[in-house]
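Me: Please give me a close look at a single part of this model, and set it within the chain as a whole. I would like one connected account, with the cut-offs stated as the terms come up.

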Amino acid sequence: MTTATEIKTLPRLKERYRNEVVAKLQEQYSYGNPMQVPGLVKIVVNMGVGEAARDAKLIDGAVRDLATITGQKPLVRRATKSIAQFKLREGMPIGAKVTLRGDRMWEFLDRLLSIALPRIRDFRGLDGRKLDGHGNYTFGLTEQSVFHEIDQDKIDRQRGMDITVVTTATTDDEGRALLKLLGFPFKEN
């Protein structure tokens, strides 16, 4: 049971966003209203498991890994169409996804930027040109072992994942500026 005197702490990155990033973006783009400053809406982590069409047990490992990484139970995605060439039937599980919002989103992003990305071998930075035209950014990781929550001995196989950061920015430049101020390690061209 929680008491009224218990103090809820803000995630570290959310606090930095409110105290520093908003002021810098407002100064850089001279917004008239503080509500115009771009912010984060959600982060979607998607793990496709195409081999699950042949072996249904593989989806369990993906769900377990994704739940460990994000701290939230993933939604198992199923095939919407049958495709004979891939031996895929409608309704077969082919992936897992998690949509993170609120404090859990900020904490995941903090762990991603400060712990996971620096652990990637030969990491030279993320490509800053890959925004979708509306300020949203999607990038992929080739293996789940860069997250420190995953026990290296319990990995049954390497699985990649796509991470989409959805922002309220209206242009790519605003989205890139927001992500850069939050600490995204973009490559210098």
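**The sheet and its edge**

Reply: Read from the N terminus, the elements of the chain follow the order α-β-α-β-β-α-β-β-α, giving four helices and five strands (DSSP runs numbered from the N terminus, with helices being H or I of at least four residues and strands E of at least two). The model is a predicted one, in which local features need pLDDT of at least 70 and side-chain atom pairs count only at pLDDT 80 or more, whereas totals for chains, interfaces and linings use all residues. Residues are numbered from 1 along each chain as its sequence is written, and side-chain values rest on heavy atoms, with hydrogens and water left out.

The part to look at is the open sheet, whose five strands are ordered S2-S3-S1-S5-S4 with antiparallel pairing (strands pair if DSSP finds at least two bridges between them). Its edges are formed by strand S2 (75-78) and S4, each of which pairs on one side only, and from one strand to the next the twist averages 25° (axes are lines fitted to C-alpha atoms, for helices over the stretch in contact, and angles between N-to-C directions run from 0 to 180 degrees). At the S2 edge, four bridges connect S2 with strand S3 (residues 93-100), the two running antiparallel, and here Arg-77 stands opposite Gly-95 of S3.

Two of the helices can be placed against this sheet. Helix H3 (residues 102-116) packs on the sheet and touches S1, S3, S4 and S5, its direction making about 65° with that of S1. Helix H2 (residues 58-70) lies across strand S1 (40-48), S2, S3 and strand S5 (161-167), and runs at about 10° to S3.

At the other edge, strand S4 (residues 137-141) contains Phe-139, which is buried because its relative accessible area is 7% (buried means under 20%, exposed over 50% and partly exposed in between, with a 1.4 Å probe and protein chains only). Apart from neighbours within four places in sequence, Phe-139 is in contact with Leu-112, Leu-117, Leu-126, Met-161, Asp-162, Ile-163 and Phe-184 (contact meaning heavy atoms within 4.5 Å).

Two loop residues can be set beside this picture. In the loop between H3 and S4 sits Asp-122, which has a positive phi of about 55° although it is not a glycine, and which counts as exposed because its relative accessibility is 69%. Ser-30, in the loop between helix H1 (12-29) and S1, likewise is not a glycine yet has a positive phi, of about 45°, and its 62% relative accessibility is why Ser-30 counts as exposed. The C-alpha atoms of Ser-30 and Phe-139 are separated by 29 Å, with these positions 109 residues apart along the chain.

For the chain as a whole, buried residues make up 41% of the 189 residues, and the C-alpha atoms fill a box of roughly 55 × 45 × 35 Å along the principal axes. Where contacts join residues at least 6 apart in sequence, 67% of them link residues at least 24 apart.
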